[in-house]
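Work through the exercises below with the sequence and the structure open. Each task is followed by a solution in steps.

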Amino acid sequence: RVVICLVLLMLVMHWSLQVDASLRFPASAAYGADLIRMAFADWDAARGDFELRRAYERLVLQYASYHDWFGGHASHCPDGDRLCPKDYHSHLFWLGVASAQPEVLEARARDARLSPEAVVAWDAEVAASAAPGAAWRYALGVAPPPIRTALGWRWDARCRMRQGTWERLGISFLAEQLPDWGVGHVVRCPEDLRPSERRAYVPRLGVTKNEFSSWHFVFYFDLRPFVQIETLHSLLLTLFVCVSLCSASMLFSSDANRLVVHPIEKMIATVEAIRDNPLVAVKVADQEFQSEERRRAQAEERSDRNGRRALAAACDVLRHLALPCAAAADGDEGRRRRRGQEQLMETVVLEKTIVRLGSLLALGFGRAGAKIIGQNMRGSSTAAINAMVEGTRVDCIIGVARIDDFSFATEVLQTKVMTFVNQIAEIVHGVVDEYHGYPSRNSQDTFLVVWRTSELPRLRVRKMADMSMMAFVRILGAIHRAPVLAEYRDHPRVQQRLGKNCRVNLSSGLHYGWAIEGTVGTEFKVDASYLSPNVSIAEGVER
């Protein structure tokens, strides 16, 4: 969404920072050039007709005044209510004729030159148009006296094109410096300006290809004001694009770090922690679950608070309108519905999956299988599982607990026997963990638990022995008091076989000695266990 918004913003800014090309007079410049050529052609066809000559000269002067360079570079328009050349950014600075034949060029330049009387008459007309109450909607520009004189006498600016044999002969309005009129840089020929700072217009209507190849009028416009504004806008656009790209890259980097990099780093840290200590996965899962519950509770609290505020504001509006207000809070059901609609990101799902897999490994293998988990997760170059891991000799207190009358319970409960065993296992494992022991192997009705004493001082070994004794006492008491296990007493077949005073019971045995801690199996199936004659002794004590 951020990238799409930035792209749309860039498109809008690119359009808004572009200079309007219509400010360069493309329509009036080309149309005026066509009118001048047609008027000259009419006079040339009927030489001696004073009215046609006057119409041609008036069109040239009107063209020059309409696109007046000096009016365009003035400080302001003479009349604030009317448009003037100052309102645009393209102005006429050179006009004349072009031809590849010197004789034709000289002759046509003499014919195209204006008479001084026509210039004087046009100055009077321009002065009349500037008078208050005049019907003109456009304030025509007025050239300096030297330029007006040159229009009537002197078309001597000869310029050769850089490519080809064509020459141009005409008049340049910027042929001499006029500081009072804004001319500081002399431009005698159009090539004195950069190609981007000038534009030529030539007649196109009513001109055959042969006539155009013989000679034609040419008008050059100064685009420097337009280029300056266009350059400024281009710089602003470039600056905006740079800022937008930097902002977008920062936002993208922030999103990438938040959505990809940081979750991956967290997953790597979790995998490394599980590799170093596989049993820590259960602790990580518990911490993650607690964090989720806290975040969910805070989100629900904020949602409820905002919902109550919005509801109170809506009720105030309804009361002002004399309408009944009904509470629309959805309560717990709405919160559950919103919670179900929440979608987790893939990285979060993957991270939680890794924690779950680690927890399942720790629960499945237990303390005895921690070594095989850690060794197989340590940067191996192959994905194969190495189950042939040497065991470790440990000193420990071995405890065995067995469910009484388990065969009969299996016959009676059938598929529910799994629930029955798990309910007992929850009590046994929970108490053993509380007293610093480790649940190990579960085999039908038998639970093997261990208290490791290796590398412990003698006093701590005694403490561990005391805790193992207390653990089995607590297990027996919890089994007899558990409400979920008390329900099995009322089972008709159980009472028929074991009597009305029957109850779920365990027999247990404890023994201290050494054992080999490790895994037993192949790549097809692996079980974590403790192997030792002392384990058999503990089982014998239980029996």
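**Exercise 1. Asn 534 and its helix**

Task: List the residues in contact with Asn 534, leaving aside its neighbours within four places in sequence, and decide whether Asn 534 is buried or exposed.

Solution. The model is a predicted one. Step 1: once neighbours within four places in sequence are left aside, Asn 534 is in contact with Ile 398, His 511, Tyr 512, Gly 513 and Trp 514. Step 2: Asn 534 is located in helix α19, which runs over residues 533–542. Step 3: the relative accessibility of Asn 534 is 11%. Buried means under 20%, so Asn 534 counts as buried.

**Exercise 2. The buried face of α19**

Task: Find the buried residues of α19 and say what covers them.

Solution. Step 1: Asn 534, Val 535, Ala 538 and Glu 542 are the buried residues of α19. Step 2: seen down the axis of α19, these buried residues fall within an arc of 105°, so they line one face of the helix. Step 3: the cover over the buried residues of α19 includes the strands β6 (392–403), β7, β8, β9 (506–521) and β10 (526–531).

**Exercise 3. Two strand residues**

Task: Classify Arg 393 and Thr 519 as buried or exposed, and place each of them in a strand.

Solution. Step 1: Arg 393 belongs to strand β6, and Thr 519 belongs to strand β9. Step 2: the relative accessibility of Arg 393 is 53% and Arg 393 therefore counts as exposed, since exposed means over 50%. Step 3: Thr 519 has a relative accessible area of 14% and is buried. Step 4: beyond its neighbours within four places in sequence, Arg 393 is in contact with Trp 514, Ala 515 and Ile 516. Step 5: C-alpha to C-alpha, Arg 393 and Ser 532 are 9.6 Å apart in space, and 139 residues apart in sequence. For Thr 519 and Leu 531, twelve residues apart along the chain, the C-alpha atoms are separated by 9.4 Å.

**Exercise 4. The loop between β8 and α16**

Task: Decide whether Thr 453 and Glu 455 are buried or exposed, and find what is noted about the phi of Glu 455.

Solution. Step 1: Thr 453 sits in the loop between β8 (446–452) and α16 (458–481), and Glu 455 has its place in the loop between β8 and α16 as well. Step 2: Thr 453 is buried, at a relative accessible area of 3%, whereas Glu 455 is exposed at 83%. Step 3: apart from neighbours within four places in sequence, Thr 453 is in contact with Asp 395, Cys 396, Ile 397, Val 461, Met 464 and Tyr 512. Step 4: most residues other than glycine have a negative phi. Glu 455 is not a glycine, yet has a positive phi of about 65°. His 436, also not a glycine, has a positive phi of about 65°; His 436 is in the loop between α15 and β7 (438–443).

Step 5 moves on to helix α16, where Ala 465 is found. Ala 465 is partly exposed, with a relative accessible area of 29%. The C-alpha atoms of Ala 465 and Cys 396 are separated by 9.5 Å, with their positions 69 residues apart along the chain.

**Exercise 5. The sides of α6**

Task: Check the length of α6 and sort out its buried and exposed residues.

Solution. Step 1: helix α6 has 14 residues (116–129), which at 1.5 Å a residue should span 20 Å; its end C-alpha atoms are 20 Å apart, in agreement. Step 2: the buried residues of α6 are Ala 118, Val 119, Trp 122, Val 126 and Ser 129. Step 3: these cover an arc of only 95° around the axis and therefore lie on the same side of α6. Step 4: on the face turned away from that buried side are the exposed residues Glu 117, Val 120, Ala 127 and Ala 128.

**Exercise 6. Two packed helices**

Task: Describe how α14 and α15 pack, and at what angle.

Solution. Step 1: α14 (residues 406–413) and α15 (residues 417–434) pack at an angle of about 135°, and their axes are 8 Å apart. Step 2: this makes α14 oblique to α15. Step 3: from α14, Phe 406, Ala 409, Thr 410 and Leu 413 meet Val 417, Phe 420 and Val 421 of α15. Step 4: the residues of this contact comprise six nonpolar, one polar and no charged.

Conventions
Residues numbered from 1 in each chain as written. Predicted model: local features only at pLDDT ≥ 70, side-chain atom pairs only at ≥ 80, totals over all residues. Heavy atoms only, no water. Axes fitted to C-alpha atoms, helices over the stretch in contact; angles between N-to-C directions. Helix = DSSP H or I, 4+ residues; strand = E, 2+ residues; numbered from the N terminus. Parallel < 35°, antiparallel > 145°, perpendicular 65-115°, else oblique. Contact = heavy atoms within 4.5 Å. Nonpolar A, V, L, I, M, F, W, Y, C, P; charged D, E, K, R; others polar. Expected span 1.5 Å × (residues − 1). Buried < 20%, exposed > 50% of the residue type's maximum accessible area, 1.4 Å probe, protein only. Arc of directions from axis to C-beta.
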